[in-house]
Amino acid sequence: MLLTLLTDFGTADYYVAAVKGTILRLAPGTVLVDISHEVPPGDIETGSFLLRAAVPSFPDGTVHLAVIDPGVGSDRRILAVRTPAAYFVAPDNGLLTPFLDGVEVRSVERDELFLASPGQTFHGRDRFAPIAASLLRGESLESLGPVIPDPVRLPFSPPAREPGRISGRVIHVDRYGNLVTDVPAAWLPAAPCRAEVAGHATSRRASHYAGIPPGEAAMIPGSLGTVELSLNGEDLARAWSVSRGAKVDITWNGS
Amino acid sequence: MLLTLLTDFGTADYYVAAVKGTILRLAPGTVLVDISHEVPPGDIETGSFLLRAAVPSFPDGTVHLAVIDPGVGSDRRILAVRTPAAYFVAPDNGLLTPFLDGVEVRSVERDELFLASPGQTFHGRDRFAPIAASLLRGESLESLGPVIPDPVRLPFSPPAREPGRISGRVIHVDRYGNLVTDVPAAWLPAAPCRAEVAGHATSRRASHYAGIPPGEAAMIPGSLGTVELSLNGEDLARAWSVSRGAKVDITWNGS
Amino acid sequence: MLLTLLTDFGTADYYVAAVKGTILRLAPGTVLVDISHEVPPGDIETGSFLLRAAVPSFPDGTVHLAVIDPGVGSDRRILAVRTPAAYFVAPDNGLLTPFLDGVEVRSVERDELFLASPGQTFHGRDRFAPIAASLLRGESLESLGPVIPDPVRLPFSPPAREPGRISGRVIHVDRYGNLVTDVPAAWLPAAPCRAEVAGHATSRRASHYAGIPPGEAAMIPGSLGTVELSLNGEDLARAWSVSRGAKVDITWNGS
């Protein structure tokens, strides 16, 4: 069985190892793959984005364990979710927002699964790992707890379009400084258009980074099917001082 | 067989990969799990802490290879240790201090295991990996070398208590800026008490981070059974300018 | 089957996970080992160095997938290479320079292997992973495309020697601040000699770091068989303000 891990634990602490050791102790033979542990502490939006972006590449039946959990130890619920292609275990704080529609969402209420714990600060090791291990051992999702109708969801402001204008947002800034937006690349008009972010603008379009003239920004269809704004070999987020959440306006004449 | 790796190699170099490749070449089928490679260069205390914290989560029989080895190439010994639950391979420099009591500690003296080496700077690849591989292949600990009575130990200053006062230290600062102390949470009095570190103090106690009012520090029972000092969603180590080793004093009236 | 991964993706994005998920979906059971994902963006020289340094440690038959690919989406070719000991898949941009002599180098022209893609920015997931998976599933290298005579190579300026003088370069600065040079350690004379880099010099030689007096730099035979310049427990690259590419001159009297 395959388990992915997404956390905000970083890799300098013992936290990721303790989760992995617990998984391998309770579900021997599990294959572990890291999505990322570099999510900024408590940044549920970034965690949710990474999960949404990575999950479609994994084989059917993969269990995805995501622990970005500023509410650890509080009465926030723990969710276990089954979609057609995968299982998810995560705190009920919006992290699983992209996967909650039309699927089975359960609140885990199997206290006897949890490890005896010296405190309430490390549910990743003491609760989430044993829950994931139970799925990896083949126990049913149903056995974990009741279906709930009201999991927490992140607020969602979808991109919008009207004749001559698309409004969206930067939903991710990647390592290279590319501005990943939520604007579907298919929405771009055939006509020339102009993208504006944070007071900077470009009308250039390209199909790949190396096709952009040095020092110029361009719109490019990105790896998630949405528009990216990018430089060729340089960091646009730094050059334009843009971070996640910035508004993107794309405009053109005619419709 | 399961092998964990703890080093100060970082992840930008080829060092971790060379150790893993060597393990997989000499002990095919080994499952590898990273504890951390972000130990500050030569920081044996941090390495020892991480090992102590992570090891209990792993299955019995796991081999733990730890290479934080500023004495590489010198005449420092290489240790192979068996505890009831695990095997350890590490330089004899104090890294294994938490695991040395009442167990079998051997000095590895099997030069024929070592790889032909262009230099004496990378025993991780050329000596430690082959030693670990021999255990992973099922060779006995006894075959590696003689029992020794005097492995190097880190100095240890345990926390102390007297009526109305506990004295301890910050033994780790984690990614979130939590101050992990060596004071057993069970030592805290039922009465109100006051923790002081580096000229800052708090009398607040909480069971989990989200239960702490914004901007206030609190004592919290942490994931190792000791007291942590924490903020809710912010970095207390930065706010109080505290680093590992700082003294912690907890005081109260009466006993 | 064993696959290593070397990229400049970093570990904060979903990119590495998407490649791994794709590999595990298309070639179930593959064992994955990271070489590094911290190659600076687009830094083909560093990628090439790490690959050359790490590969000899891996078992025969390992597939090495390297994606440092500033030309992604352009008409640069994708290479598949077989050496006596390993397979390689990488963009045709010089990354495989250390492995191209006297071996079978093919240009991958099997478009039907590639994943349907929303854009041309993530060939790591959409092209490189499926190519590597085909080798991992046991498909032949021959089936991937034709042999080509002219793969791109990085410029190569080998170290030189004449009586009383060796000229080389710093080819890597590692995490500890060691200056790894391209000067074979076997070239050093038996006589005393003097190494000069960036206006700093040392005449000291040592066999291991702990044998260097505090604060002094020394020449030391390193883990790749070449001369390193190092301090004992401190960062020489920082102390001498040296980075990769710096010239190294080693001189002595007589020959």
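Across the interface of chain C and chain A, 12 residue pairs are in polar contact, with both partners at pLDDT 80 or more. The model is a predicted one. One salt bridge is counted between chain C and chain A. Its partners are the side chains of Glu38(C) and Arg175(A), at 3.9 Å from N to O. Helix H1 of chain C, residues 15-26, gives the largest share of the side of chain C that touches chain A, with eight residues. By class, that side of chain C holds 14 nonpolar, 11 polar and six charged residues.

The contact draws 31 residues from chain C and 30 residues from chain A. The area buried between chain C and chain A is about 2300 Å². Carbon and sulfur atoms give 57% of this area. Three residues, Asp13(C), Tyr14(C) and Thr121(C), supply 27% of the area that chain C buries against chain A. No other three residues supply more.

On the side of chain A, Ser223(A) offers a local view of this contact. Ser223(A) sits in the loop between strand E12 (218-221) and strand E13 (226-230) of chain A. The relative accessibility of Ser223(A) is 7%, under the 20% limit, so the residue counts as buried. Residues up to four places away in sequence aside, Ser223(A) touches Glu228(A) in its own chain. From chain C, Ser223(A) touches Tyr14(C), Tyr15(C), Pro118(C), Thr121(C), Phe122(C) and Arg125(C). Tyr14(C) and Thr121(C) are also among the three residues that supply 27% of the area buried by chain C against chain A.

The second interface of chain C is with chain B. Here 29 residues of chain C meet 31 residues of chain B. Chain C and chain B bury about 2400 Å² between them. Of this area, 57% lies on carbon and sulfur atoms. In chain C, the residues that lose the most area to chain B are Arg175(C), Tyr176(C) and Ser223(C). Together they account for 29% of what that side buries.

One salt bridge is counted between chain C and chain B. Glu38(B) and Arg175(C) form it through their side chains, at 3.9 Å from N to O. The count of residue pairs in polar contact between chain C and chain B is 12, both residues at pLDDT 80 or more. Strand E2 (31-36), helix H2 (44-54) and strand E12 (218-221) of chain C each give two or more residues to the side that touches chain B. This side of chain C divides into 16 nonpolar, eight polar and five charged residues.

The copies were then compared by superposition. A rotation of 120° lays chain C on chain A with an RMSD of 0.0 Å and a shift of 0.0 Å along the axis. The two copies are thus related as by a three-fold rotation axis. The copies use different surfaces, as 3% of the contact residues of chain C recur in chain A. Chain C can also be laid on chain B, again by a turn of 120° with a shift of 0.0 Å along the axis. The RMSD is 0.0 Å. Val31(C) is the residue of chain C that comes closest to the rotation axis, at 5.1 Å by its C-alpha. Only 3% of the interface residues of chain C are also interface residues in chain B, so these copies meet through different surfaces.

Within chain B, helix H2 (residues 44-54) is mostly covered. Nine of its 11 residues are buried. Among them are Ile44(B), Phe49(B), Leu50(B) and Leu51(B). The buried set also includes Thr46(B), Gly47(B) and Ser48(B). At the start of H2(B), a side-chain oxygen of Asp43(B) reaches to within 3.3 Å of the backbone nitrogen of Glu45(B).

Several loop residues complete the description. Gly215(B) lies in the loop between strand E11 (200-202) and strand E12 (218-221) of chain B. Gly215(B) is exposed, with a relative accessible area of 57%. Gly215(B) touches Leu231(B) and Glu234(B), residues up to four places away in sequence not counted. The C-alpha atoms of Gly215(B) and Leu236(B) are 9.3 Å apart, across 21 residues of sequence.

Two other loop residues have a positive phi although neither is a glycine. Ala198(B), with a phi of about 55°, is in the loop between strand E10 (194-197) and E11 of chain B. Ser241(C), with a phi of about 50°, is in the loop between helix H4 (236-239) and strand E14 (247-251) of chain C. Ser241(C) is exposed, at a relative accessible area of 63%.

Methods: Residues are numbered from 1 along each chain as its sequence is written. Chains are lettered from A and ligands numbered from 1 in the order in which they are written. This is a predicted model: local features need pLDDT of at least 70, side-chain atom pairs count only at pLDDT 80 or more; totals for chains, interfaces and linings use all residues. Side-chain values use heavy atoms; hydrogens and water are left out. Helices (H or I, at least four residues) and strands (E, at least two) are DSSP runs, numbered from the N terminus. Buried means under 20% relative accessible area, exposed over 50%, partly exposed in between (1.4 Å probe, protein chains only). Contact means heavy atoms within 4.5 Å. Copies are superposed by least squares on the C-alpha atoms of residues with pLDDT of at least 70 in both. A polar contact is a pair of N or O atoms within 3.5 Å; within protein, one must be able to donate a hydrogen and the other to accept it, and residues adjacent in sequence count only if both atoms are side-chain atoms. Buried area is the accessible area (1.4 Å probe) that two parts lose on being put together, summed over both. A salt bridge is a side-chain nitrogen of Lys or Arg within 4 Å of a carboxyl oxygen of Asp or Glu. Ala, Val, Leu, Ile, Met, Phe, Trp, Tyr, Cys and Pro count as nonpolar, Asp, Glu, Lys and Arg as charged, and the others, Gly among them, as polar.
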